[in-house]
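Open the model in your viewer and keep the sequence panel in view. We will go stop by stop, selecting a few residues at a time.

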Amino acid sequence: MEFALNDQQQSVRELARRYAQDRLLPGMQAREEAAAVDGDWPDLSRERAGLFEQGFGGMLLPEDEGGLGLDHLSFSLALEELSRVDPSMGQLLSNHNALGVGWMRHATLRLREAWLPRLATGQALAAWTRMDDLQQPLLALEDGPFLVLNGVKRMVTAGAIGDLLLVSAQLDGRRVLLALQAATEGVSRAREPKSLGLRGAGIGRVEFHNVRVDEEARLDTRTSGKGLMLIRATASLGWASVALGIMEGSARLAQDYAGQREQFNRTIDQFEAVRFKIVDMQVKLEATRSLVWRAAAAADAGQPTEFARLADLARLMGAEGAGFCGRECVQIHGGYGYSREYHAERFMRDARGMELVGGGVENLREAVAGQWLGLSQASLG
Ligand SMILES: Cc1cc2nc3c(=O)[nH]c(=O)nc-3n(C[C@H](O)[C@H](O)[C@H](O)COP(=O)(O)OP(=O)(O)OC[C@H]3O[C@@H](n4cnc5c(N)ncnc54)[C@H](O)[C@@H]3O)c2cc1C
């Protein structure tokens, strides 16, 4: 298997790396502080606009549909690089591309024409609501030619700031997927003010009160089983790439700090306990990268089943690896790691989110076990 990056992959990686360093890093702490204040919200418009100008809104969308037409490895590299600095932006773009644009490509011609160019250019940001709560799902009821939606979905990435809502609801016991403008009558949104991490990802609560949508809003009619599998696998690849970025960012931060901080007349990277932590972070990081790249390579080789299998494994390894690296990064920073003045604690908080997005790692483990053992109880929604 060839693991060298081609010219396009290298330049996408370089572009994302430079963007993250030059445009995301400088305002990072200020955005964190703003997000920590009740009733305040970090203004992401400048960062978002910049990212979309680079074409990051339609990474996997073919060029003739207005996107960059990148392969899956380039998509993953871009998310990793952005997340090394700002995991919130990585998470926002991962969902927008994999689930927002991903789902809309399976919509009716009318919806595709209305939304895809806007999603690709950043005139519109997509948010996706997964149906987690099976006891109290979002309910859709038929009323003549309309569907009437009622329910609440909390903790939605970009839920507070997205322009297009992709909504998974229950209609007569079946799941139905709808695309609607966030500014629809009956939809109200609020940010989740106390989110532990990923505070720049516009995480919000979306409420539906007798929201009337017509048949045109339904988009699951064209989606085949294979199409569905590809969307889910791409979402997993995106989240695994964000997690990989967190691992990379926290491992580098820890290593740099350990090379500078002196105790007992030597830098702390001379102490075995610290050295072993740095090695363990690297092992997990490189192992995750291998899985992420293999998953992306399977996607680009047109092997959807293998792609889906590896992407789930990469997401599992990445989510838990990011948690590990975030914690060890704080530990290596000692007491300073516990201070909000440093990036270490932010990586640790952001990493926890990766263990919950898309249904949580327990649910994911159950789904993976189900594929192997044929007894799936979990639903990836
Ligand atoms: C940072 C972040 C971003 C998010 N972004 C989005 C988004 O964009 N869109 C969206 O719709 N939602 C989003 N969510 C919500 C997320 O999908 C849910 O929080 C997650 O699916 C868990 O659902 P729940 O909160 O209802 O927990 P519950 O389902 O109540 O789970 C509670 C616990 O039980 C475990 N559990 C649940 N079911 C099983 C099972 N079958 N087998 C084993 N264990 C199980 C869970 O893993 C968890 O540990 C986001 C959440 C976070 C933290």
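## Stop 1: around the ligand

Select domain 2 (126-221) and domain 3 (225-373): each of them gives at least three residues to the shell around the ligand. Keep in mind that this is a predicted model.

Now show the shell itself. There are 23 residues around the ligand. Which of them come nearest? Pick out Arg 130, Thr 157, Gly 353, Gly 360 and Glu 362.

Next, colour the elements that contribute. β1 (126-129), β3 (146-156) and α12 (360-373) each supply at least two residues of this shell. Which element gives the most to the shell? Select α12, which gives four residues.

Then colour the shell by residue class. You should find eight nonpolar, nine polar and six charged residues around the ligand.

## Stop 2: helix α7 and its partners

Two packed helices are described by the angle between their axes and the distance between the axes. Keep both in mind here.

Select helix α7 (residues 225-260) and helix α9 (residues 304-332). Their axes come within 7 Å and cross at roughly 25°. An angle under 35 degrees counts as roughly parallel, so α7 is roughly parallel to α9. The crossing of α7 with α9 is left-handed.

Show the side chains where α7 meets α9. The contact has 25 nonpolar residues, along with five polar and five charged ones.

Keep α7 on screen and swap α9 for α11. How far apart are the axes of α7 and α11? They lie 10 Å apart, and the packing angle is about 160°. Angles over 145 degrees count as roughly antiparallel, so α7 is roughly antiparallel to α11. The crossing of α7 and α11 is left-handed.

## Stop 3: helix α11

Hide α7 and zoom in on helix α11 (residues 344-354). Is α11 mostly covered or mostly open? It is mostly covered, with nine of its 11 residues buried.

Select the buried ones in turn. Begin with Ala 344, Glu 345, Arg 346, Phe 347 and Met 348, which are among them. Asp 350, Ala 351, Gly 353 and Met 354 are also buried. You have met Gly 353 before, among the residues that come nearest to the ligand.

## Stop 4: two asparagines with positive phi

Most residues other than glycine have a negative phi. Here are two that do not follow that pattern.

Select Asn 210 in strand β7 (residues 204-214). Its phi is near 50°, a positive value. Asn 210 has 11 other C-beta atoms within 10 Å. A residue with 12 or fewer counts as exposed, so Asn 210 is exposed.

Move on to Asn 265. Where does Asn 265 lie? Look in the loop between β8 (262-263) and β9 (266-267). Phi of Asn 265 is near 65°, again positive in a residue other than glycine. Asn 265 counts as exposed because it has 6 C-beta neighbours inside 10 Å.

## Stop 5: spans along the chain

Turn on the distance tool and work between C-alpha atoms.

Select Gln 181 in strand β5 (residues 174-181). Add Leu 165, which is 16 residues away along the chain. Their C-alpha atoms are separated by 6.1 Å. Is Gln 181 buried, exposed or partly exposed? Gln 181 is partly exposed, because 16 other C-beta atoms lie within 10 Å.

Next, select Ala 273 in helix α8 (residues 272-300). Pair it with Ile 332: the two are 59 residues apart in sequence and 9.5 Å apart in space. Ala 273 is exposed, with 9 other C-beta atoms within 10 Å.

Then go to Arg 46 in helix α3 (residues 45-53). Arg 46 and Ala 107 are 61 residues apart in sequence. In space, C-alpha to C-alpha, they are 30 Å apart. Arg 46 counts as exposed, with 10 C-beta neighbours inside 10 Å.

Finish at Glu 142 in strand β2 (residues 139-143). How far is Glu 142 from Ala 295, C-alpha to C-alpha? The separation is 40 Å, across 153 residues of chain. Glu 142 is exposed, with 11 other C-beta atoms within 10 Å.

Terms used
Residues are numbered from 1 along each chain as its sequence is written. This is a predicted model: local features need pLDDT of at least 70, side-chain atom pairs count only at pLDDT 80 or more; totals for chains, interfaces and linings use all residues. Axes are lines fitted to C-alpha atoms, for helices over the stretch in contact, and angles run from 0 to 180 degrees between N-to-C directions. Angles under 35 degrees count as roughly parallel, over 145 as roughly antiparallel, 65 to 115 as roughly perpendicular and the rest as oblique. A crossing is left-handed if the near helix is turned anticlockwise from the far one by less than a right angle, and right-handed if clockwise. Ala, Val, Leu, Ile, Met, Phe, Trp, Tyr, Cys and Pro count as nonpolar, Asp, Glu, Lys and Arg as charged, and the others, Gly among them, as polar. A residue is near a molecule or strand if its C-beta atom, placed from the backbone, lies within 6 Å of it. Domain bounds come from an automatic or database domain assignment. A residue is buried if 20 or more other C-beta atoms lie within 10 Å of its own, exposed if 12 or fewer, and partly exposed in between; C-beta atoms are placed from the backbone.
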